[in-house]
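Work through the following exercises with the sequence and the coordinates open beside you. Each task is followed by a solution that goes step by step.

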Amino acid sequence: MSIHDLLRRDIAALEPYPPPPTLELLQQRLGRTFVKLDANENPYGPSPRVAEALRHCNAWRYPDAACTELRERLGEYLGTEPERIVCTVGGDEMIDLLIRLFLDPGDEMIDCTPAFLMYAISGAVNRGKVVVVPRDDHFAVDLEAVERALSDRTKIIFLCSPNNPTGNMTPDADIIRLLDTGRILVLDEAYAEFSGHSLVHLAHRYPNLVILRTMSKWAALAGMRLGYAVVDPSLVAEFTKIKSPYNVSIAAQVAGVASLEDQDYLMANVRCLIAERDRLSERLCALDYGRVYPSVTNFLYWQIPCDRAVTWRQGLADRGVLIRALSGPREALRFSVGRPEESDLLLAALEDVHAQLAG
Ligand SMILES: Cc1ncc(COP(=O)(O)O)c(C=O)c1O
């Protein structure tokens, strides 16, 4: 018997989703530099207080399993009670825990696509049935279609707002209508600091609302892996049953607290990225090919000419610019907003690829 015969059949059948190599590895392998605009990272890096705090952290001790200080600081930051907050290894782990907490095998979750890919991946890995409800032509959530898709087995609706990869927000009234279905509504606010809008204050009114947040984007802590959710206080103990006890490392906890103590610094960088997003967006609008969509995030969705996302991605990579190619019924590219000089390299590379493909 091969070890592969012992694998779960559904896992063996899944397409692997290999994370891209790090920038350093790629540059080493290919012997050239790249501009990395493919993961919505924050190019300005963490608060300087993070490095200072890490120098003093007790790495030989297990971390506080309850993330007590971090949750207190997050509570102050969000204007909510720490008793509502659960911290995880990035928002990714929270998505997995939520599905594990609510879905029995065969139970359904709704995914309003295009959306963040981890919802569907975690759903499949956890033997949930992922019910796809496509967004409309302007990437608004199709509320009637969601309501039609509900069944007795629907437990969770995932809603990313602002949405990755399209950059737009769902109106509050639509979100409330989805909350009124009584299903768990996971409102993914990974980019809330860029949009300046959050529905955390609704958590008191709707026990079925779960707000998912991350420190990866606004606080530039992607490498630390620190996410969290605001949930009904009665659920916190349930998460404790299924999460590994020391999931959030001491380094991530310390980095999170130091970041929350330096919000002015971090929000100044967020404002820089917003200004740069608007400049890049204007420059993309001026091109007579492709179409840029309005965004309230730190990335832009660009509908490419002729649906050749992979060709464009490769063309840009050949010119030293890494971006995200999006497949599906409508092929597109997603550009993270970087420093101004990185946008300029992207724009020059786009012109070059366009000339090559047109010629
Ligand atoms: C919409 C959305 N949600 C959640 C995440 C997960 O973030 P992390 O696991 O880095 O906290 C991301 C990361 O790109 C995202 O775009």
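**Exercise 1.** Determine in which order the seven strands of the open sheet lie, and which strands are at its edges.

*Solution.* In this predicted model, the seven strands follow one another across the open sheet as 2-8-7-6-5-3-4, with mixed pairing. The ends of that order are strand 2 (85–88) and strand 4 (129–132), and each of these edge strands pairs on one side only. From one strand to the next, the twist averages 25 degrees.

**Exercise 2.** Describe how strand 2 is paired with strand 8, and find the helix that lies across both.

*Solution.* Begin with the general principle: strands of a sheet pair through backbone hydrogen bonds, in either a parallel or an antiparallel manner. For strand 2 and strand 8 (residues 227–230) the sense is antiparallel, and the pairing extends over four bridges. One bridge can be checked by residue, since Ile85 has Val230 in strand 8 as its bridge partner. The helix to look for is helix 4 (residues 68–78), which lies across strand 2 and strand 8 and runs at about 120 degrees to strand 2.

**Exercise 3.** Analyse the sheet of four strands and explain why one side of strand 9 and of strand 12 has no neighbour in the sheet.

*Solution.* The order in this open sheet is 9-10-13-12, and the pairing is antiparallel. Strand 9 (291–292) and strand 12 (324–326) occupy the edges and have a single partner strand each, so one side of each remains without a neighbour in the sheet. Strand 9 is joined to strand 10 (residues 299–303) by two bridges, the two strands running antiparallel, and Arg291 stands opposite Gln303 in strand 10. Helix 13 (residues 309–318) packs on this sheet, where it touches strand 12 and strand 13 (332–336), and its direction makes about 170 degrees with that of strand 12.

**Exercise 4.** Characterise the shell around the ligand by its residues, their classes and the element that gives the largest share.

*Solution.* The ligand is surrounded by 13 residues, of which the closest are Gly90, Gly91, Ala190, Thr214 and Ser216. Sorted by class, the shell consists of four nonpolar, seven polar and two charged residues. Its largest share, three residues, is supplied by helix 5 (residues 90–102).

**Exercise 5.** Decide how the compactness of the chain stands against that of a globular protein of its length.

*Solution.* The chain contains 14 helices and 13 strands. Its radius of gyration is 21 Å, close to the 21 Å that the globule rule gives for 359 residues, so the chain is as compact as a globular protein of that length. Buried residues account for 42% of the 359 residues.

Methods
Residues numbered from 1 in each chain as written. Predicted model: local features only at pLDDT ≥ 70, side-chain atom pairs only at ≥ 80, totals over all residues. Rg over C-alpha atoms; globule rule 2.2 N^0.38 Å. Buried ≥ 20, exposed ≤ 12 C-beta atoms within 10 Å, placed from the backbone. Near = placed C-beta within 6 Å. Nonpolar A, V, L, I, M, F, W, Y, C, P; charged D, E, K, R; others polar. Pairing = 2+ DSSP bridges. Contact = placed C-beta atoms within 7 Å. Axes fitted to C-alpha atoms, helices over the stretch in contact; angles between N-to-C directions.
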